[in-house]
Amino acid sequence: TDKVRIGIILDASQGNDLKTIEKPIAALLEKHKQGVEFVLFGWSPKIAEQYEVLKALRITYEKPVPFYDYHFKLNSLAFDIGLLPFVDNSYNTSGKSFNRLLDFSVNMIPVVAPNMLPLNKIIKDGENGSIASSEEEWINKTDQLITNVQLRKDMGNNAFKTVWETFSYTPKAIERLRNIFI
């Protein structure tokens with residue numbers, strides 16, 4: 001399929017996070033028509049209705065799955081791009097956003113993320129992902145990834161390399177942990 005699949009992973013509590021990119025989603029759907037598909041993994045139309053978000057937008061919903069099926073399901077969704085809509089609050093900066101970045105990165109999916117900790121410390125804008133500070137940047141940076149297949153591949157590969165080298169249990173990482181705790 002020539003359709004670019006753009007994934008957003010959310011749980012039922014993240015309506016306000018999603019609202020931060022509602023206008024960019026609408027603009028990108030308008031610009032690319034049938035050339036893009038936005039997929040919300042972990043949500044349903046009923047949840048969107050409760051938050052009064054994404055009304056009349058063409059969105060595909062993928063219901064949540066049990067933890068043991070999560071990574072298999074994420075991989076099977078075959079996203080080309082990942083969006084990380086997060087409000088800058090302590091809940092998101094202390095773990096949720098980081099975990100979602102890892103989820104996309106280990107699958108070599110380039111992301112567009114807000115300019116907030118810890119994302120802006122891990123993502124090198126334009127290299128292993130994109131940082132957006134305004135609705136216009138969300139649109140432009142996502143649009144770049146939609147229209148440039150090679151950029152998507154390069155950023156996805158760089159994102160994987162970053163998380164592998166920085167956050168996996170390589171001998172170097174184990175040595176760092178040993179120095180800290182032993």
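Me: What makes Lys31 count as exposed in this predicted model?

Reply: Lys31 has a relative accessible area of 52%, and a residue is called exposed when this value is over 50%, so Lys31 counts as exposed.

Me: Why is Asp143 called buried?

Reply: The relative accessibility of Asp143 is 13%, and buried means under 20%, so the name buried applies to Asp143.

Me: How do you know that Lys31 and Asp143 form a salt bridge?

Reply: The closest N and O atoms of Lys31 and Asp143 are 2.9 Å apart, while the definition asks for a side-chain nitrogen of Lys or Arg within 4 Å of a carboxyl oxygen of Asp or Glu, so the pair is a salt bridge. Because Lys31 belongs to helix H2 (residues 22-32) and Asp143 to helix H7 (residues 135-147), the pair ties together parts that lie 112 residues apart in sequence.

Me: Why is Lys73 called partly exposed?

Reply: Lys73 has a relative accessibility of 23%, and partly exposed is the range between the buried limit of 20% and the exposed limit of 50%, so Lys73 is placed in that class.

Me: What makes the contact of Lys73 with Glu62 a salt bridge?

Reply: The side chains of Lys73 and Glu62 meet at 3.0 Å, N to O, and the cut-off is 4 Å, so the pair meets the definition. Lys73 sits in helix H4 (residues 67-76) and Glu62 in strand S3 (residues 59-62), and the two residues are 11 apart in the chain.

Me: How do you know that Glu37 forms a salt bridge with Arg5, and are the two residues buried or exposed?

Reply: The closest N and O atoms of Glu37 and Arg5 are 2.7 Å apart, and the definition allows distances within 4 Å, so this pair also counts as a salt bridge. Glu37 lies in strand S2 (residues 36-41) and Arg5 in strand S1 (residues 4-9), so parts that are 32 residues apart in sequence are tied together. Both Glu37 and Arg5 are buried. A search of the whole structure finds six salt bridges, including this one.

Me: Why is the protein chain, with its nine helices and six strands, described as being as compact as a globular protein of that length?

Reply: The radius of gyration of the protein chain is 16 Å, which is close to the 16 Å that the globule rule gives for 182 residues, so the description follows. Of the 182 residues, 45% count as buried.

Methods. Residues numbered from 1 in each chain as written. Predicted model: local features only at pLDDT ≥ 70, side-chain atom pairs only at ≥ 80, totals over all residues. Heavy atoms only, no water. Rg over C-alpha atoms; globule rule 2.2 N^0.38 Å. Buried < 20%, exposed > 50% of the residue type's maximum accessible area, 1.4 Å probe, protein only. Helix = DSSP H or I, 4+ residues; strand = E, 2+ residues; numbered from the N terminus.
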